[in-house]
Each structure stands twice: as structure tokens, then as C-alpha cells.
Amino acid sequence: MENPIRLYMSMSLDGYIAGPDDRPGQELGSGGGRLFNWLDDRNSDGPSGQVYREALATGAVISGRRTFDLAGRWQGDHHDGVPIFVLTHHVDGDDVPPGHARFVTDVEDCAGRARTAAGDRPVMVHGAGAAQALLRAGLMDEMEIHLVPVLLGGGRRLFDHLGGASIELDLVRRLEDRDVTHLRYRVRRTEEAA
């Protein structure tokens, strides 16, 4: 698929992307930093290095508002000056996002803008809220899940609010590395799943 909208997310085996009590100053929640140990190998020639380089080769970012704020708004530059489209429920007129970031309130508009801005490169998705909104709208193409062998037991789940509809996935790549399995899924469209 050309120019896919692709979620990149580290997740515990029990489905959490952050530990309990994620907040400013403890952005990954209690124990949530464990989900990112695989990034120690991001500069390697191994699978984690490959996945990391692919993530940084994306041409635009879609982020949920909560993720954007917890990440310190990335000071307006997630990577290489690519546009950041922040999916949010509302925009306060005096809240101007920094740098390359823009607020967008409509999921279809957000996906369209990001895909156009990315050109022929993939669009990176960050955050559970944005991922769920894109999945509910049928606009997510792929998901790169960095599955970490830990049970966090609580925190923020990735797939809590999908609206009750079943979403079929096809595993298109599996890369094993130290302390993580990188799983890439293609999201089947409704007509394919039937």
C-alpha cells in the first residue's frame, strides 16, 4: 500500500500503552517506561533499528491531543520538521500549537491532510485516542505494534473504545528482537472482512 496511515505503538501483552497514573511528569505512567526498553536498540542494525528508521522515514504525524500534550507538544517538531496533525475534540482560539503542529477536529479531514502532507511516505499515528478514532472511521491502514513481554496490570489501554464492531487484521510482518516482537498488521476494509 502506498502512503499508508500506520499506527506505531509499544504495548504490553495485556494491552496497555502506559502504566497507571500517566500524567505530566510521569508521562508513561507507573512502570510504563518498561514498554520502551527496546528503543535501547534503535541505532542497531537489527529489527528494532529497522523499525525505528522506518518510523522516522514517515512524512507526517497524526497525534491525539492527550499524547501531544503529554509529550510536551514535541516542541512543535516530532521528527525532521514533518507536519503534525493533532486530532482534538475542540480548539481554543488562543491555544496555538508550536512549530509544525496544527489542530484538526474532524477525523476524515485530519487523515486527508496528513496523507497529502506526507506525499509518498507513510503517515505515523501516535496515541490511543487518535488510533481509536481512525479505526472507528475506517481510516487506519496498518498498525505496527511493538509487543513487549510484560503484564502491566493497569494503565491506559490501546483498544478500549472501538465502538463494538469487529475489526479484522492481517499479520504482514513479524520481527523478533531482544525484549520485543514488532508486529505489523494490515487493517482489512469492511468489504474485505465480509
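The dialogue below walks through several features of a predicted model.

Q: What should be kept in mind about numbering and thresholds?
A: In this predicted model, local features need pLDDT of at least 70 and side-chain atom pairs count only at pLDDT 80 or more, while totals for chains, interfaces and linings use all residues. Residues are numbered from 1 along each chain as its sequence is written, and side-chain values use heavy atoms, with hydrogens and water left out.

Q: How many residues does helix H3 have, and what should they span?
A: Helices (H or I, at least four residues) and strands (E, at least two) are DSSP runs numbered from the N terminus, and the expected span of a helix is 1.5 Å times one less than its number of residues. Helix H3 (residues 107-118) has 12 residues and should span 16 Å, which agrees with the 16 Å between its end C-alpha atoms.

Q: Which residues of H3 are buried, and which are exposed?
A: Buried means under 20% relative accessible area, exposed over 50%, and partly exposed in between, with a 1.4 Å probe and protein chains only. In H3 the buried residues are Val-107, Cys-110, Ala-111, Ala-114 and Ala-118. They cover an arc of only 95° around the axis, which puts them on the same side of H3; the arc is that of the directions from the helix axis to the C-beta atoms. On the other side of H3, Glu-108 and Thr-116 are exposed.

Q: What covers the buried residues of H3, and what caps its N-terminal end?
A: Contact means heavy atoms within 4.5 Å, and the cover of the buried residues of H3 includes strand E1 (5-12), strand E5 (101-104) and helix H4 (128-136). At the N-terminal end of H3, Asp-106 acts as the cap, with a side-chain oxygen 3.1 Å from the backbone nitrogen of Glu-108. H3 is followed by Gly-119, whose phi is positive, near 65°.

Q: Where is empty space left, and what is the volume of the largest pocket?
A: Rolling a probe the size of a water molecule over the atoms shows where empty space is left. On a 1 Å grid over the protein atoms alone, a pocket is an open set of points where a 1.4 Å probe fits, with protein on both sides within 12 Å along at least five of seven lines, and lining residues have an atom within 4 Å of a point. The largest pocket has a volume of about 1,200 Å³, a volume being the space filled by probe spheres set on the points, which are joined across faces, edges and corners. Of the 43 residues that line the largest pocket, the closest to its centre are Met-9, Thr-67, His-126, Gly-127 and Ala-128. H4 gives the most to this lining, with six residues.

Q: Which side chains make polar contacts with the side chain of His-78?
A: A polar contact is a pair of N or O atoms within 3.5 Å; within protein, one must be able to donate a hydrogen and the other to accept it, and residues adjacent in sequence count only if both atoms are side-chain atoms. The side chain of His-78, a residue in the loop between H2 and E4, makes such contacts with the side chains of His-79 at 2.7 Å and His-126 at 2.9 Å.

Q: Is Arg-157 buried or partly exposed, and what does its side chain meet?
A: Arg-157, in strand E8, counts as partly exposed at 33% relative accessibility. A polar atom of its side chain lies 2.6 Å from the backbone oxygen of Asp-14, and the side chain of Arg-157 also makes a polar contact of 3.0 Å with that of Tyr-16.
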